[in-house]
Amino acid sequence: MIERILTFSSRRRWLALALILLITAVAGKGLLSLRIDTSYDSLFSPKDPGYPLYRQTIEEFGSDSTSVIFIRDSELFTVKKLRRLEDVHYALEDTAGVEKVKSIFNSQNIRDKDGFLVTEPLMDYVPDDPAALGTKRRDAIYNPLLIHNLIAEDGTVMAINVTTEMREGDPDFNRLLFEKIEEQISPLRDDFDEVFQVGPPRLNVEIERGMFADLSFLSPLSTGILILSIILFLRTIMAAGLPMATAGTSVLWTFGIMGFLGLPLNLLTAILPSLVIVIGSTEDTHMLSSYLKGLRDGNRDVAIRYMARHVGLPIFITSLTTAIGFSTNAISEITMIRDFALSTSIAMVMNLISTVLVLPLLLSVIGPRTSKLPTDESEPGGFVGWLIGKFLYLVENHAGKVLAVTAGLLLLLGSQAFNIRVSNDPLSYFKDDNQIIADANTLHERLAGMQLFYLTVQAAPGRDFKDPAELAKLGEVVGFLREQGVYDKVISITDHLSLVNREMNQGDQDYYRLPDSRNMVEQYLLLFQRGDLERYLNPDATAVNVLVRHNLSDSSELGIHLRKLEAELEQVFGNDNRYYLTGKNLMINRAAESLFSGQIHSLALLILIIFVIMSLLYTSVTAGFMSLVPNLIPVFVMFGVMGIFGIPLNPGTATVAVIAVGIAIDDTIHLLSRYNEECRTEPDHMLAVRRAVLAQAVPVISTSIALAAGFGILFISSFNIVAQFGTLAAITMICAMLSDLLVTPILLRHLRLVGLWDIVTLRVGREVLVESELFQNMSTFQIRKTILLSQMREYGVGEAIISEGSLGRDMYLLLDGEVKVERAGQLRDQTGGRRNFWRNRICGRKPAYRFGDHSDTGHRPAFQPGKGGRLHALLSPHSRLS
Amino acid sequence: MKITRIAGTVAALSMLLLTALPALAENLTGRQILDEVAERHERPYELESQRMILIDRNDNREEREVKRYVRQGDDDEYKYLVVFHAPSGIRGVSLLTWQQSQGDDDQWLYMPAHGRQMRRIAKGGRRNYFMGTDYAFEDLVFESREKFTYERLADETIDGTTYYVVKSTPQDEELQKESGYKYRQLWIRQDIFFVTRTDYYDRRGRFLKRQTNEDIVQVEGKTWRANRSIMDNESTKHQTVIEVRERDFAEDAVPARNFTRRFVTSGRHLR
């Protein structure tokens, strides 16, 4: 059946072409709906238990999505420059999507001046007088709410903080906002020393830019690698173009389906074309290799049939396992990973369909008619041949050592896996030389980091935060946060109250502390407008919100500090107050914690699926288990490498293990499939292994190198997570290759495989099944399996099957032809009696006749084919049947 | 016959008035309209008991009980005292303002929880918001019309009522610096010369907030007052509603001693 499927498009070309065009047209429609999603929202789980609370906090205290416009100039406080910044501030206030703009232009100045209390806008207009400007500058720096938030200590840096609305589900929002902000600040760059914006809109835009750079740069590179690997390994230039056609259609169809399903193009799915090109090319390489080997007298149809017969089943199985490998990531809690998992598994299925439809069709029309590939029988030469020879030498002569070294290596690397840390912060996605990293660091050094989270605390029952006791607890926590030295800026209602207290006491720094009576708290709060307090204190004062800005982009490090904070909160608030740490920043980091568990779950699921598939395919649990071993070795290596080189587990690297297993199993399947074939005709297991390795080593090495190169080029991606993904996947591919060529053969030596497909499709003469006494009371499935455990032997006329006097415990089943028994003299049976019934009983026997089983042990007559021509018999070695 | 003649004269006068008034209204300048407004509605002594409600964008409400004392001094300048009576936490908090014809006003803040001294507020605080409300200090005082220019804009008829529309722009250089507004636009009912709506534009000319006067009642002679004023701040999405519960125009309701620091710090302002 598979042969028919694989040859369909070469037999029914016009129908196949119509089908391809139809699918392409439908996919083209879906392509129009394909959307881009570079938002923060895809980086955390909407099922995060803290999400409803986060929404509630945002409702109460305002959005945590803030863009900071950083302005640095050595002569910042001049009328001309400040007026320009003032214009920008107000233009931003008028910008759609902006919830709030905060800068020195709309900040409150509360300060004692020579016994007079100043309670006025700090700089709601820019005065002409330089002296007045100097005063404003000093006032701003003096204000604890503004310093390191809106102005730097030396007054040469200021910030305009733009809080944006929460527009979840609007993929264009951040991009448009970034552009609007950029429109305002771009003209400043000519006249100020440094101006930039950082925040979610810029992050989103930078991700989008990098994504398209990757798409436009990496895809052609992947294509180049594909072409190069095919030319190198298949030694044909003409065939190199064919996989591009399958890859092209696969990508188009996949994007179309993604459009229909609402799966977006994101940071990870942007590398999908490269993945399809690289992974798809491995299937194409196997198919083309087989096609070229099957070429007889330049006959394309023969070659296509040969290809279909030899690689058809493995192609289907490997595509299935690869798709499953990708899809198991779909259980991740992180939307971006889930989208990636679904998109790539769809891509793998599309690639299979495209390969089945497009490749045979093209081969039937423009396929090469000549091949420079060696035949199956010939051993590969050159470096690859030398390499394979070395592998076989190790397998055949040092199997124990190979396994011992492998186990030792795994132990060593496995122990390093404990050093792996998690990271999910969007900033960490970028490479260190990216300008956004430099800008974020500058912001952190001069003002405060762009990362933000909220600490929300509810007052003890029946109390509120006008109560000095409640405020004191809050003050203790705020003090703790500042003592940690990792949080750049912490602002809470305690700062507002301490500030007023100080200024009401003539600016005496000793009074920079919380008021000690409730009435004083209430009265001090009158000096603020509600808008100044709404981010820090709710209207009935039953809840407070602390803004914490930092520059920790490492989820593990942030996690450590948050755990310390939680311990402090527990100690300070106990059971009296409820408190929450919220913010997208935290949800994104919390999602990182799920990467570990998600990785384990996905891997376990994939292992189980592969185990079941392989056990079924080869009708043996041992085979299922064995097929896993060589594919888990690269996973161990990968985790070890991550631990040693400090590569974090992030949404990119978290997908590698299952993808790698999904892909690496392909080579194992090809090896097992070939070994299965060899075993049918080769009784010596080691020889069968050798043949299987010799036949498959070239495609295994070529596809592995092509895959490693394909993944490896992702190293030059604009993003750390893509580069790390590519590097790890490349390392894993090479490890999988080594594992398949060293460990798999060693394990195979002890295994006899019977393919389910072979059992199902085996054509056995009815008389063999019905007439043979051997098969009585056996199910058809058992009969077929028994047959497949045997080896097919063909004998010519007069050829001896069993020589008189030879010893053996094997059994033959005559499938067709005739045998006759000849003996030189009389035999004695075991009891010593004379027995001469062999000739009479056996001679002239027809198919289904069983002979030579263990009842004849030691006393076999010679069997040889009768006069009816060639004879086919199944040799069932005793070792396999027992 | 006499009756007929008198009736005829009255009718003629009425006709004259009916035809002359629109002409009169048409000829009034912005300044004249505002003079008429002041003439009719500015009173030398005034005490109001107010309920002040602060409403945020989420409809959270905060209520205060306030007494507002106003008294015109011998120099024609006004003095104001605002005293908070509730909630209990801010009871006694007061703001005393002495308006000055020249230069900045004098202001003192009293916070009883802080001590028995009034803190002098720095000069130039006209545009400061008043105690967390949407009213700036300059919104709560009678303005010196000499310091403004009043441009009359096209009249408007809203729901059958005709309004003068006047644009008020500070012309005094000092005031231009101190005011939080580039200009204001006032809607003045033509029949009673009462300001029912004021739109405030910030220093950059952007719409900032709107005050609407409702439940307008004639309190004495030509004098009208709004029992409910709403200041709706567009930029902050915040509202301050002032509901007047009691009103007294008697001189002894706002004796001169009430406008001294001693009166406040002694706690008599709460009696």
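**Exercise 1. The contact between chains**

How many residues does the contact take from chain B, and how many from chain A? Then describe the side of chain B.

*Solution.*
- The model is predicted. Start with the count on each side: 26 residues come from chain B and 26 residues from chain A.
- Next, find the element of chain B that gives the largest share of its side. That is strand S6 (residues 118-121) of chain B, with 3 residues.
- Last, sort the side of chain B that touches chain A by residue class. The result is 10 nonpolar, 9 polar and 7 charged.

**Exercise 2. Strands across the chains**

Find the strand of chain A that pairs with S6(B), and give the sense of the pairing. Name the bridge partner of A:Phe116.

*Solution.*
- The strand is S4 (residues 116-121) of chain A.
- S4 of chain A and S6(B) run in the parallel sense, over 2 bridges.
- A:Phe116 has B:Arg120 in S6(B) as its bridge partner.

**Exercise 3. The setting of A:Ile141**

Place A:Ile141 in its element. Is A:Ile141 buried, exposed or partly exposed? List its contacts beyond four places in sequence.

*Solution.*
- A:Ile141 sits in helix H5 of chain A, which spans residues 130-142.
- Count C-beta neighbours inside 10 Å: there are 15. Buried needs 20 or more, and exposed needs 12 or fewer. The count falls in between, so A:Ile141 is partly exposed.
- Leaving out residues up to four places away, A:Ile141 touches A:Ile147, A:Ile151, A:Glu153 and A:Gly155.
- For a distance check, take A:Glu333. A:Ile141 and A:Glu333 are 192 residues apart in sequence, and their C-alpha atoms are 44 Å apart.

**Exercise 4. A sheet in chain A**

Give the strand order of the open sheet of 4 strands in chain A. Why is one side of S8 and of S10 left without a neighbour in the sheet?

*Solution.*
- The order is S8-S9-S7-S10, and the pairing is antiparallel.
- Strand S8 (487-491) and strand S10 (578-582) of chain A are at the edges. Each has a single partner strand, so one side of each has no neighbour in the sheet.
- The twist from one strand to the next averages 20 degrees.
- Now take one pair. Strand S7 (residues 451-458) of chain A joins S10(A) over 5 bridges, in the antiparallel sense. In S10(A), A:Tyr579 is the bridge partner of A:Val457.

**Exercise 5. Helices on the sheet**

Which strands do helices H3 and H15 of chain A meet?

*Solution.*
- Helix H3 (residues 51-61) of chain A lies across S7, S9 (543-550) and S10 of chain A. Helix H3 runs at about 95 degrees to S10(A).
- Helix H15 (residues 468-483) of chain A packs on the sheet and touches S7, S8 and S9 of chain A. The direction of helix H15 makes about 160 degrees with that of S8(A).

Conventions. Residues numbered from 1 in each chain as written. Chains lettered and ligands numbered in written order. Predicted model: local features only at pLDDT ≥ 70, side-chain atom pairs only at ≥ 80, totals over all residues. Contact = placed C-beta atoms within 7 Å. Nonpolar A, V, L, I, M, F, W, Y, C, P; charged D, E, K, R; others polar. Pairing = 2+ DSSP bridges. Axes fitted to C-alpha atoms, helices over the stretch in contact; angles between N-to-C directions.
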